[in-house]
Amino acid sequence: MWKYEAVNEYNTISLHDCYIMHIDEQDGNIIFSFERGFWIIETNNKNPFHKTLRTEDGAKLTLTNANCVEILFEDKNISWHEFCRRINADEWKFECIHDNYTANQCAYEGWIYFDKEPYHMELGLKFTFGDAIYHWNEICENRPW
């Protein structure tokens with residue numbers, strides 16, 4: 001199904017300004033779907049164009065053996081289950097602004113968008129995980145950073 005796979009190459013793939021449109025959980029893994037793709041940095045060995053470009057639509061990121069350990073949502077409390085339900089029901093969209101990785105931990109900071117006042121709010125997600133596995137089909141030469 002996927003033409004390219006990259007494992008733990010978070011230093012050459014960026015989620016900046018990318019929208020998580022759907023979240024699946026399977027066998028202890030968390031799978032994020034990016035309807036409009038993510039960024040392949042010029043130093044990624046699967047990037048033949050040697051400049052930072054967006055992938056074709058339909059990219060995915062799988063965090064293996066993953067667990068959401070914290071959701072930072074201004075002064076509100078929300079469970080991981082409720083967050084996923086709202087994303088998957090298309091009530092919310094999450095735009096990742098920063099994606100930070102350390103040894104088997106990652107944090108995504110960004111904005112949640114919704115259809116009522118105040119229309120957007122800051123949100124942060126923190127995970128523990130085994131591997132980060134990225135999948136995509138094509139890199140679009142006409143979609144530069």
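A residue is called buried here when its relative accessible area is under 20%, exposed when that value is over 50%, and partly exposed in between. Cys-106, at 4% relative accessibility, therefore counts as buried. These values, like those that follow, come from a predicted model.

Seen as a whole, the protein contains 1 helix and 14 strands. Its C-alpha trace spans about 45 × 30 × 25 Å along the principal axes. The radius of gyration is 15 Å, which agrees with the value near 15 Å that a compact globule of 145 residues would have. Of these 145 residues, 47% are buried.

The cysteines are a good place to look next. A disulfide is a covalent bond between the sulfur atoms of two cysteines. In this model the count of disulfides is 0. Cys-18 takes part in none, and the nearest cysteine sulfur, which belongs to Cys-96, lies 7.4 Å away. Because a disulfide requires two cysteine sulfur atoms within 2.5 Å, that distance does not qualify. Cys-18 has 0% relative accessibility and so counts as buried. For the buried Cys-106, the closest cysteine sulfur is in Cys-68; at 9.2 Å, this is too far for a bond.

Attention now turns to the charged side chains. Side chains of opposite charge can pair when their charged atoms come close. The model holds 8 salt bridges, and one of them joins Glu-70 to Lys-126 with an N to O distance of 3.6 Å. This pair links distant parts of the chain, since Glu-70 sits in strand S9 (residues 67-72) and Lys-126 in strand S12 (residues 120-128), 56 residues apart. Glu-70 is partly exposed at 33% relative accessibility, and Lys-126 is partly exposed as well, at 34%.

Another salt bridge brings together Lys-76 and Asp-75, with 3.8 Å from N to O. The relative accessible area of Lys-76 is 39%, so this residue is partly exposed. Asp-75, by contrast, counts as exposed at 67%.

A further pair is formed by Glu-91 and Arg-85, whose closest N and O atoms are 3.0 Å apart. Glu-91 has a relative accessible area of 35%, which places this residue in the partly exposed class. Arg-85 is also partly exposed, at 35% relative accessibility. Both residues belong to a network of salt bridges that links Glu-82, Arg-85, Arg-86 and Glu-91.

One member of that network, Arg-86, also appears in the lining of the largest pocket. This pocket encloses about 190 Å³ of space and is lined by 13 residues. Nearest its centre lie Phe-73, Arg-86, Trp-92, Phe-114 and Lys-116. Sorted by class, the lining is made up of 6 nonpolar, 6 charged and 1 polar residues. Among the residues nearest the centre, Phe-73, Trp-92 and Phe-114 count as nonpolar, whereas Arg-86 and Lys-116 count as charged. For a reader following the structure on screen, Arg-86 is thus a handy point of reference, as this residue is part of both the salt-bridge network and the pocket lining.

Note on methods
Residues numbered from 1 in each chain as written. Predicted model: local features only at pLDDT ≥ 70, side-chain atom pairs only at ≥ 80, totals over all residues. Heavy atoms only, no water. Salt bridge = Lys/Arg side-chain N within 4 Å of Asp/Glu carboxyl O. Helix = DSSP H or I, 4+ residues; strand = E, 2+ residues; numbered from the N terminus. Buried < 20%, exposed > 50% of the residue type's maximum accessible area, 1.4 Å probe, protein only. 1 Å grid on protein atoms, 1.4 Å probe; cavity = no way out; pocket = protein on both sides within 12 Å on 5 of 7 lines; lining within 4 Å. Points joined across faces, edges and corners; volume = space filled by probe spheres on them. Rg over C-alpha atoms; globule rule 2.2 N^0.38 Å.
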